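Thanks for coming. I have one structure to go through today, so let me put it on the screen.

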Amino acid sequence: MKMTPELKKAQENMNPGVITAEGFLGTDKRNLSSILDEDAQMMRRLEVNPDEAARMLRHFMEEGQKGLGEPVTVDGRWIVRTDEARGHLVCPWEDGIFRKINVTVERKDTGDKLYFTDLSIHLLETHGFLEGKGSTFRLNLEILAHLLML
Ligand SMILES: [Zn+2]
């Protein structure tokens with residue numbers, strides 16, 4: 001993938017202090033185009049379908065919200081907790097605005113645990129972006145694969 005002007009702008013928006021205090025790239029020094037390419041390869045290798053994974057993460061978030069901050073058991077297999085902060089976040093690609101919903105999912109039988117946000121679901125689904133290495137909310141693909149594995 002080439003570094004288009006659109007990707008350059010998105011990457012600028014990912015720097016600390018632009019949309020969030022921490023930013024989206026952690027300690028990752030790669031170009032956004034390389035991050036996207038390498039994560040797409042890893043998703044293929046781990047057989048994680050981004051649409052399917054995003055659909056499941058959204059399902060966890062929606063079910064978890066019913067707990068109003070208390071843990072909820074989802075489909076008998078996962079424990080989900082959500083908490084919602086005030087305010088909104090803009091996507092770095094500037095194509096949407098998202099509530100600040102933090103979600104924790106734990107798989108009951110293995111203890112695999114994943115953190116994500118409403119915005120992480122959009123970033124995965126629409127942009128194939130998991131956040132940079134070292135970013136607090138980077139979606140860890142191996143954990144994600146284990147979490148969803150039947
Ligand atoms: Zn977006």
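I'll start in a loop. Glu94 sits between β2 and β3. Please bear in mind that this is a predicted model. Is Glu94 buried or exposed? Glu94 is exposed, because there are 12 C-beta neighbours inside 10 Å, and 12 or fewer is the cut-off for that class. The backbone is worth a look too: phi of Glu94 is positive, near 60 degrees, and the residue is not a glycine. As background, most residues other than glycine have a negative phi.

There is another glutamate to put beside that one. Glu131 also has a positive phi, about 85 degrees, without being a glycine. Glu131 belongs to the loop between α4 and α5. Its surroundings are those of a buried residue, because 25 other C-beta atoms lie within 10 Å and the class begins at 20.

Next, the sheet. What is the order of its strands? The order is β1-β2-β3-β4, in an open sheet of four strands with antiparallel pairing. β1 and β4 are the edge strands, each pairing on one side only. On average, neighbouring strands are turned by 30 degrees against each other, ignoring direction. Between β1 and β2 the antiparallel pairing runs over three bridges. As for individual residues, Val74 has Trp78 of β2 as its bridge partner.

Now helix α3, residues 50-65. With 16 residues at 1.5 Å a residue, the helix should span 22 Å, and the end C-alpha atoms are indeed 22 Å apart, so the two values agree. Which residues of α3 are buried? They are Ala53, Leu57, Phe60, Met61 and Gly64. Looking down the axis of α3, these buried residues fall within an arc of 95 degrees, so they line one face of the helix. The general reason for such spacing is that an α-helix has 3.6 residues a turn, so residues three or four places apart point the same way.

What covers that buried side? The cover includes the strands β1, β2, β3 and β4, along with the helices α4 and α5. On the face turned away from it, α3 carries the exposed residues Asp51, Glu52 and Arg55.

One last residue in α3 is Glu62. Glu62 counts as partly exposed because it has 14 other C-beta atoms within 10 Å. Glu62 and Asp118 are 56 residues apart in sequence, yet their C-alpha atoms are 9.9 Å apart in space.

That is what I have; I'll take questions.

Key. Residues are numbered from 1 along each chain as its sequence is written. This is a predicted model: local features need pLDDT of at least 70, side-chain atom pairs count only at pLDDT 80 or more; totals for chains, interfaces and linings use all residues. Helices (H or I, at least four residues) and strands (E, at least two) are DSSP runs, numbered from the N terminus. The expected span of a helix is 1.5 Å times one less than its number of residues. The arc is that of the directions from the helix axis to the C-beta atoms. Two residues are in contact if their C-beta atoms, placed from the backbone, lie within 7 Å. Two strands pair if DSSP finds at least two bridges between them. Axes are lines fitted to C-alpha atoms, for helices over the stretch in contact, and angles run from 0 to 180 degrees between N-to-C directions.
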